[in-house]
Amino acid sequence: MKYVDEYRDPKAVETLSKEIHHITRHPWTIMEVCGGQTHSIVKYGLDRLLPPEVTLIHGPGCPVCVTPIELIDTACELAKLPEVILCSFGDMLRVPGTHEDLLRVKAQGGDVRIIYSPLDAVAIAQANPSSQIVIFAVGFETTAPAQAMAIIQAQRLKLQNFFVLVAHVLVPPAMEALLSSPENRIQGFLAAGHVCTIMGYEMYEPITQKYHVPLVVTGFEPVDILEGVKMVVHQLEEGCAIVENQYARSVHRCGNVEAQRIIDDVFEPASRNWRGIGSIPNSGLKLRPAFARFDALQHFHDRIHLTEATTSPSSQCESGRILQGLMKPSDCSAFGTRCTPDHPLGAPMVSSEGACAAYYRYRPESIAKI
Amino acid sequence: MCLAIPGQIQRIADDELRTGTVSFAGVTKEVCLALVPEALVGDYVIVHVGFAISKVDEQAAKESILLIEQLSSGQTDESPSS
């Protein structure tokens, strides 16, 4: 496949690995922000191609993982209402709420449908005029324009039965929260290539200056990731801290302006509770007043019980520390024993971008023998 | 969640969503092209949840591969003397 195969070329991977060995002089800790990058790193063993001085730590870039438990509970409550069809990306179905997950609600008769695109939910709303359609809108900036377009399309079609449970989160405030933590050990970032495809990368420049951390906008294939690491290590060794763009075939400095306009038309920033991490100011999106009639929380407020915000999904689950890069999945005592994809304690074990799922799938040797 | 893959535009419909047929190594899918108004038939776009989010910059892609090839030949040149 064009624009994929050449970025998985073993010779290019070997070249970049050698180059990173060649330029590395000091120990460095680099965080890859996006869960998609984490999966590539673990799947292809890219961390094992790096010199021992370079440590990759996995970031919070898994929207499924950071969706707060109270929103999972709300989605479950909504899906139990007989008139509701709850539409969700497949990843969300196995994420544990306080007492249950969406898959269990579906098994007990709730109408939960897995969608590929937010526009699928619009089509379901058109095809089912006597039902109330709720889309569980999860995602980062990458997904926000698609959700916004679906809402605009529902408005164009004058759909009265289309609602949105908004769980959108934004990356830069979370990165800044990590950097300002007293436990921070991040010295450089691989920024999330598809988030930057939408938003550009100008907004990272003040962050790199304030915290003196280099940041390289990076793609998702093995060659992309190793090139991103090489660029970060080069800056670190030179004492630089600027924003660079490895993923230039998709990302421009100002991003996708049309997509930003559509996000801004429909959504505005709001504080958001991140599962396992806590509340971060202006790190989420909510519907603007002009689109308030699509707000599922507002429309169904007298039909559901909202649970209180909580940060800890389970006293046994270390996902908060894993999502902040403070520990690796294999450091968790529950990993692969009390917590597995069949019986997850937290979201990172079941999300396709979750760090725990990546280690479970590609690093079976890291599961403690019992 | 932010997974997005490149595909080639085969057709573009004249509707409000600018729906296009995009081929992913032979597998085709209907994709909304409204966010990439500059993309035309034959162009490659990066597609996420049914929406093209960028047009692939072919020049930038060529340059990045070329840089790595140059790096590789540099390493090969170095090896006999090292």
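Visitor: Hi! What do domain bounds come from here?
Guide: Domain bounds come from an automatic or database domain assignment. This is a predicted model, where local features need pLDDT of at least 70, side-chain atom pairs count only at pLDDT 80 or more, and totals for chains, interfaces and linings use all residues. Residues are numbered from 1 along each chain as its sequence is written, while chains are lettered from A and ligands numbered from 1 in the order in which they are written.

Visitor: Thanks! Which domains does the assignment give for chain A?
Guide: In chain A there is domain 1 (1-60 + 171-255 + 312-364) and domain 2 (68-168 + 257-299). Taken over C-alpha atoms, the centres of these two domains of chain A are 27 Å apart.

Visitor: And how many residues from each domain are in the contact?
Guide: Domain 1 of chain A puts in 22 residues and domain 2 of chain A puts in 20 residues. Two residues are in contact if their C-beta atoms, placed from the backbone, lie within 7 Å. On the domain 1 side there are 14 nonpolar, eight polar and no charged residues. Here Ala, Val, Leu, Ile, Met, Phe, Trp, Tyr, Cys and Pro count as nonpolar, Asp, Glu, Lys and Arg as charged, and the others, Gly among them, as polar.

Visitor: Where does the largest nonpolar core lie?
Guide: Both domains of chain A give residues to this core, so it lies between them. Of its 149 residues, A:Val134, A:Phe136, A:Leu165, A:Ala191 and B:Ala52 touch the most other members. A nonpolar core is a set of buried Ala, Val, Leu, Ile, Met, Phe, Trp, Tyr and Cys residues joined through C-beta atoms within 7 Å. Buried means that 20 or more other C-beta atoms lie within 10 Å of a residue's own (exposed is 12 or fewer, partly exposed in between, with C-beta atoms placed from the backbone).

Visitor: What is A:Leu165 in contact with?
Guide: Leaving aside neighbours within four places in sequence, the contacts of A:Leu165 include A:Leu71, A:Val134, A:Phe136 and A:Ala296.

Visitor: Switching topic: why is H2(A) largely enclosed?
Guide: Eight of the 10 residues of H2(A) are buried, so the rest of the structure largely encloses this helix. Among those buried residues are A:Gln37, A:His39 and A:Ile41. After H2(A) comes A:Gly45, with a positive phi near 65°. Helices (H or I, at least four residues) and strands (E, at least two) are DSSP runs, numbered from the N terminus.

Visitor: Now chain B. What elements are there?
Guide: Chain B has one helix and five strands, and from the N terminus on they run β-β-β-β-β-α. Its radius of gyration is 18 Å, well over the 12 Å that the globule rule gives for 82 residues, so chain B is more spread out than a compact globule. That radius is taken over C-alpha atoms, and the rule is 2.2 Å times the number of residues to the power 0.38.

Visitor: Which strands does E1(B) pair with?
Guide: E1(B) runs antiparallel to E4(B), with four bridges joining them, and also pairs with E2(B) in the antiparallel sense over four bridges. Strands pair if DSSP finds at least two bridges between them. B:Pro6 stands opposite B:Ile46 in E4(B), and B:Arg11 has B:Thr21 in E2(B) as its bridge partner.

Visitor: Last one: how many residues does each chain give to the contact between A and B?
Guide: Chain A gives 44 residues and chain B gives 30 residues. On the chain A side, H1(A) makes the largest share, six residues.
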